[in-house]
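Reader: I would like a close look at one helix, its neighbours and the loop that leads into it, with every term given its cut-offs. Please take the part step by step and set it in the chain as a whole.

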Amino acid sequence: MARSTEPGDRGNVTADEVAAVAGVSRWTVNRAFRPDASISKRSRERVMQAAQQLGYVPDLMASSLRSERSNLVAVLVDDFANPHKLVMMERLTRILRKAGSDTLLVNMVDESDASAALLSASQRRVDATILIGSEFGEEVVATALGAQRARKLIVFARYSENPNTISICCDDVAAMTTITDFIMDRGYRNPLFLAGPQTVSAHLHRKETFLDLWSAKFGSRPESTWVRAYDPQLAYERVSETLGGRSRGELPDLLVCENDALAVGAIDAIRFSLGLRVPEDIAVTGFDDVPQASSPNYRLTTYRQPVTVMAEALAAILAGNEPSGDLSRFEGELVVRESA
């Protein structure tokens, strides 16, 4: 008995049945569901129309076993309090999806959760594991490398010194040099650097770059402090604690923040905890250019990371097309607003 082709009759539809309705070969049906396959636009449209009519869904698991690729990427994130993570996740998932890869999001509670999170990812036979976060130390990277099913370990938006990882990140040295030159040209002379957590294996080079450049120029090392996570509330508390009770002459004229999450908390602390003005009393700079940075509440001077270009480089690596150039030296641009 012939199978009904009514949309409500889904059943266990095969590629052969789709091929018959579309008037193409079975191999054309298979190629139509592969984004990198050579197939005419007309043939792909016919296959997709027939597939929709029949309710056909390709068996991705069987396809991955044949090709030795799952087209699934695990993304491990540990600091959702940082608004820039949402920007990166949106950009990454959109670009990877366009390139034919889906993402498995694993929320890592903290560094102690690394083993369980990586096991969860590796059990799903992912093509790569991508680390996006602030607490990926040497132990986490070693655990990730032990997950044999993750063929590539990519540290995104941070630099990893581990030779077995791939770092895709902004050139922090070049970026902080741009910010420092801007600050010096504006006449600020008493800055305080507000840093986040500094891990050994995967870290930022922003704090040391700024302090070294300032020391070389003026012969004195600026004051610095740090918070344990890129969380605006923690930044608010640290700035309030560090600067509260100081006289006007003891206050810095500028807070250089390691990223925008810290800068947002710092601006709120200056205004609502210390009762001061930004930038008239204390100026603030950030890094990342998150959506909040351009809002009337902050108007934050910051450095915009080239997240789209970085995500496209990651997609190229997954496709086996290694981009040219140093993957840890992407350059963005300084965005000047009213906060400094």
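Author: What follows looks at helix α8, its partner α9 and the loop before α8, and then turns to other helices of the chain.

The model is predicted, so local features are given where pLDDT is at least 70 and side-chain atom pairs count only at pLDDT 80 or more, whereas totals for chains, interfaces and linings use all residues. Residues are numbered from 1 along each chain as its sequence is written, and side-chain values use heavy atoms, with hydrogens and water left out.

The chain has twelve helices and 13 strands, where helices (H or I, at least four residues) and strands (E, at least two) are DSSP runs numbered from the N terminus. Of its 340 residues, 50% are buried, a term that stands for under 20% relative accessible area, with exposed meaning over 50% and partly exposed in between (1.4 Å probe, protein chains only). Taking contacts (heavy atoms within 4.5 Å) between residues at least 6 apart in sequence, 73% join residues at least 24 apart.

Helix α8 covers residues 172–185, and at 1.5 Å a residue its 14 residues should span 20 Å, which agrees with the 20 Å between its end C-alpha atoms; the expected span is 1.5 Å times one less than the number of residues. Buried in α8 are Asp172, Ala175, Met176, Ile179, Thr180, Phe182, Ile183 and Met184, and these buried residues pack against the strands β7 (191–195), β10 (254–257), β11 (283–285), β12 (302–304) and β13 (333–335) as well as against α9.

Two packed helices are described by the angle between their axes and the distance between the axes. For α8 and α9 (residues 206–218), the angle is about 45 degrees and the axes are 9 Å apart, where axes are lines fitted to C-alpha atoms, for helices over the stretch in contact, and angles run from 0 to 180 degrees between N-to-C directions. The pair is therefore oblique, since angles under 35 degrees count as roughly parallel, over 145 as roughly antiparallel, 65 to 115 as roughly perpendicular and the rest as oblique. Their crossing is right-handed, meaning that the near helix is turned clockwise from the far one by less than a right angle, and anticlockwise would make it left-handed. On the α8 side the contact is made by Asp172, Val173, Met176, Thr177, Thr180, Ile183 and Met184, and on the α9 side by Arg206, Thr209, Phe210, Leu213, Trp214, Lys217 and Phe218.

In the loop between β6 (166–168) and α8 lies Asp171, which counts as buried because its relative accessibility is 7%. Leaving aside residues up to four places away in sequence, Asp171 touches Ser328, Arg329, Phe330 and Glu331. Asp171 and Leu204 are 33 residues apart in sequence, and their C-alpha atoms are 9.4 Å apart in space.

A second helix pair can be set beside this one. The axes of α10 (residues 232–243) and α11 (residues 260–273) come within 7 Å and cross at roughly 45 degrees, so α10 and α11 are oblique to each other, and α10 passes α11 in a right-handed crossing.

Elsewhere, in α3 (residues 41–54), the buried residues are Ser43, Val47, Ala50, Ala51 and Leu54. Lys41, Arg42, Gln49 and Gln52 are exposed on the other side of α3, while its buried residues pack against α1 (15–22) and α2 (26–32).
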